[in-house]
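Student: I'd like a close look at one hidden part of this model, with the rest of the fold filled in around it. Please keep it friendly, as I'm new to this.

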Amino acid sequence: MKYAEIEWRDGQPYSPGYDDIYYSTAGGREESEYVFLKHNYLARRWQKLGADDHFVIAETGFGTGLNFVLTLQAWAEQASPEARLHYVAIEKHPVSPEDIKCVARNWPELAETYDELLSVYPLPVEGEHCRSLLGGRVQLHLVFADVIAALKSRELQVDAWYLDGFGPDKNADLWSDQVFSLIEKNSKQGATLSTYTAAGFVRRGLQAAGFEVNKVKGHGKKREMITAVLKNKKLQPAKTPWYTLEKTNYKNKKAVIIGAGLIGLTTAWSLVQRGWQVTVIEKHGNVAEEASGNPAGLLMLRLAIDNKNDTAFYTSAMLYASHCLDKLQQDNSSQSDEKFWFYDGVYSIFKAGKAEKIIEAYGFPEQFMEVLAEHDLQPHLKDKNVSVSFLREAGWASPKKTCEALVQACGQSLKLIHQNVDDIRHTEGEWQALDKKFQVIASAEVLVVANGVDVNQFEIVSWLPVSSVRGQLTEVTASETSLALNKALSFDAYVTPEYKGKHYVGATYRVSDKNQQLTQEEQDENLHHLEQCLPNIFDKPEQLNGRVGFRPVSNDMTPIIGEIPDKQAFKEDYKELHHGRPRAQYPQAKYLSGLYVNAAHGSRGICSSFLSAEILAAMIVNEPLPVSKEIVDHLSPARFLMRKLKRGDMAE
């Protein structure tokens with residue numbers, strides 16, 4: 001994906017590809033406010049929002065960001081400080097930050113708001129980009145994709161629509177009957193819509209989709225424009241009823257999370273930012289005592305040419321994690337000068353030609369991932385017949401210190417209990433975490449199991465296929481030659497640049513190995529990988545130095561995120577699935593309301609944890625999900641039951 005090609009004509013942005021302007025040369029700001037803010041009646045509607053409410057706006061075509069900036073400014077002034085705005089914008093041709101800066105010069109009074117947008121504006125990478133603004137009061141969901149593909153894969157429950165793509169005569173694909181039908185599918189009953197156009201086929205298309213359409217006075221020289229209200233919301237059967245969650249409104253905004261590692265604490269942080277009170281139960285005396293206690297780990301993609309959902313998830317996750325780590329480190333700077341996140345990029349070594357194939361397969365721009373013809377590693381590599389790529393948005397972090405920063409960020413909204421949970425049960429509308437004497441440690445309507453390799457220790461989730469993988473990290477003392485490595489490097493293993501006189505190399509991979517002690521064999525394995533890649537620049541340690549951690553991994557190597565399905569109900573409701581009955585004949589799935597899991601992140605937890613936490617928090621509070629429906633289903637715990645049911649293999 002590339003940034004949009006823009007020509008500047010008399011100081012105004014113009015698209016030669018669509019032969020159209022981005023906004024009116026006569027009063028662009030005034031037109032935007034008139035068409036979209038005024039005729040969606042936003043000020044009046046926002047005044048009715050309470051502290052627990054959220055409002056969803058969707059825009060077809062983000063363009064220069066003018067509509068969003070004006071909405072953000074209006075929200076700051078007019079909405080309750082406790083309410084949350086979700087602004088979903090679908091853009092196939094993102095405008096570059098440089099061009100947005102040029103646009104912003106037209107309105108100096110919007111400079112501060114434009115600066116906030118530009119501080120989180122993503123690279124032109126296809127997919128989902130979720131960013132937090134206005135101190136967490138606003139979530140911007142930028143979807144860089146074709147509008148039909150984007151709307152097909154979402155269930156947004158939109159309150160107000162801005163239809164602001166290039167004109168119907170310039171970009172007919174954005175104004176088709178299929179788009180109007182998908183807009184209806186993604187709307188709440190009573191959703192409003194406004195657009196600058198008054199074209200007859202647009203009016204008729206919206207009416208056919210269930211909207212009551214009106215023509216009103218246009219702005220400036222435009223005689224008329226369209227407004228609409230969804231009066232006839234159509235009930236459509238779910239294409240995958242087994243992945244359809246029932247919407248639940250939890251009463252008291254309290255949750256219990258089992259596990260105070262990176263996964264549990266990012267989940268707590270996401271809920272706290274939504275005004276929740278969270279109790280985290282950890283069996284150890286401190287946070288991050290298991291795999292999250294490692295001194296260093298890479299924020300790095302998992303790339304697979306043959307698994308689109310996996311790569312899409314990890315791409316969005318890495319970019320979002322970078323955004324969150326920046327915010328955490330900035331907020332934590334008043335408490336400590338010590339950095340825990342190093343946003344320097346990562347070198348990655350592939351077999352010759354593989355990196356190029358990945359870039360081509362996913363359309364990654366060079367600002368995101370680039371194969372380097374020349375680089376600092378060149379004189380040190382043992383194998384010259386490799387591709388060295390550079391991921392600019394990657395880096396490395398201390399998981400342990402990240403967890404400590406998350407606790408600090410949650411403040412008084414987080415309660416930590418250091419106790420072992422032996423079982424969980426549901427009674428009187430709440431989930432209870434129990435000790436070995438069946439005494440209640442903590443209870444709430446919502447409970448999240450996020451305790452790493454122990455995730456399936458409880459009977460109710462014991463069927464989750466999660467196993468423990470032992471990993472040993474090796475600590476190497478920096479030398480004069482090792483300082484040549486100034487960025488983290490990913491190869492058959494990984495190695496960090498020098499920090500406080502040390503490099504960290506890792507990590508080994510031992511399935512079902514319970515040994516908690518450092519072994520010479522695994523240290524030698526790490527050092528062998530290092531020597532095979534970068535010979536003779538590191539001094540061999542004279543003794544065992546490092547750390548052992550145990551990582552939870554699912555049997556399909558993908559994280560498990562979502563509400564826990566009712567296994568027995570699935571077995572009964574979908575027992576005929578392997579016979580090929582039409583999907584519409586099956587009932588909506590039954591889930592264990594309020595019981596969630598966030599687990600099996602393996603060796604990519606730094607990358608996946610922040611976005612996974614956002615997905616789970618959005619599920620819990622019924623907000624727009626920050627990823628597509630395909631990715632949510634790809635991560636769902638129900639996937640394991642469905643695979644067995646489709647094979648007719650649910651006898652146990």
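How do the residues of the lining of the second largest cavity divide into nonpolar, polar and charged?

Tutor: Keep in mind as we go that this is a predicted model. The lining of the second largest cavity divides into seven nonpolar, two polar and two charged residues. Now let's put names to them. The residues around this space are Val 88, Glu 128, His 129, Cys 130, His 141, Leu 142, Val 143, Arg 154, Leu 156, Leu 625 and Pro 626. Two elements give two or more residues to that lining: β6, which covers 127–133, and β7, which covers 138–144. As for size, the second largest cavity has a volume of about 60 Å³. A search of the whole structure turns up three cavities of 30 Å³ or more, so let's visit the largest one too.

The largest cavity holds about 90 Å³ of space. Around it you'll find Arg 84, Ser 132, Gly 136, Gln 139, Trp 269, Gln 273, Arg 274, Tyr 320, His 323, Cys 324, Lys 327 and Glu 614. Sorted by class, that lining has three nonpolar, five polar and four charged residues. Put that beside the seven nonpolar, two polar and two charged residues of the second largest cavity, and you have both linings in view.

Which element should you look at next? Helix α10 (residues 308–332) gives four residues to the lining of the largest cavity, and that is the largest share. This helix is mostly covered, with 18 of its 25 residues buried. You can also check its length yourself. Allow 1.5 Å a residue and the 25 residues of α10 should span 36 Å; the C-alpha atoms at its ends are 36 Å apart, so the two agree.

Let's stay with a residue from that lining, Cys 324. Its relative accessibility is 4%, so Cys 324 counts as buried, because the cut-off for buried is under 20%. You may wonder whether this cysteine has a bonding partner. A disulfide is a covalent bond between the sulfur atoms of two cysteines. The closest cysteine sulfur to that of Cys 324 belongs to Cys 130, and it is 8.1 Å away, too far for a bond. The cut-off explains why: the two sulfur atoms have to be within 2.5 Å to count as a disulfide. Here's a neat link back to your question: Cys 130 is among the residues that line the second largest cavity, while Cys 324 is one of those that line the largest. In fact, the search of the whole structure finds zero disulfides. Another cysteine, Cys 533, has 9% relative accessibility and so counts as buried.

For another covered spot, try Ala 268, which sits in helix α9 (residues 262–272). Ala 268 is buried, with a relative accessible area of 0%. Measure along the chain from Ala 268 to Thr 248 and you count 20 residues, while in space their C-alpha atoms are 19 Å apart.

Now for strands. Strand β30 (residues 546–554) is mostly covered as well, with seven of its nine residues buried. It runs antiparallel to strand β25 (residues 466–477), and nine bridges join the pair. In this pairing, Ser 468 stands opposite Pro 552 in β30. Elsewhere, three strands make an open antiparallel sheet in the order β14-β19-β15. Its edge strands are β14 (297–299) and β15 (341–342), each pairing on one side only. Three bridges link β14 to β19 (residues 395–397) in the antiparallel sense, and Leu 299 stands opposite Gly 395 in β19.

Finally, a few loops with unusual backbone details. In the loop between β21 (423–427) and β22 (430–434) sits Glu 428. It has a positive phi of about 50 degrees although it is not a glycine. Glu 428 is exposed, with a relative accessible area of 81%, since exposed means over 50%. Asn 622, in the loop between α15 (605–621) and α16 (629–635), also isn't a glycine, and its phi is positive too, near 60 degrees. And Gly 506 and Ala 507 are joined by a cis peptide bond, with omega about -20 degrees; Ala 507 lies in the loop between β28 (502–506) and β29 (510–511).

Key. Residues are numbered from 1 along each chain as its sequence is written. This is a predicted model: local features need pLDDT of at least 70, side-chain atom pairs count only at pLDDT 80 or more; totals for chains, interfaces and linings use all residues. Side-chain values use heavy atoms; hydrogens and water are left out. Two strands pair if DSSP finds at least two bridges between them. On a 1 Å grid over the protein atoms alone, a cavity is a set of points where a 1.4 Å probe fits but cannot get out, and a pocket is an open set with protein on both sides within 12 Å along at least five of seven lines; lining residues have an atom within 4 Å of a point. Grid points are joined across faces, edges and corners, and a volume is the space filled by probe spheres set on the points. Ala, Val, Leu, Ile, Met, Phe, Trp, Tyr, Cys and Pro count as nonpolar, Asp, Glu, Lys and Arg as charged, and the others, Gly among them, as polar. The expected span of a helix is 1.5 Å times one less than its number of residues. Buried means under 20% relative accessible area, exposed over 50%, partly exposed in between (1.4 Å probe, protein chains only).
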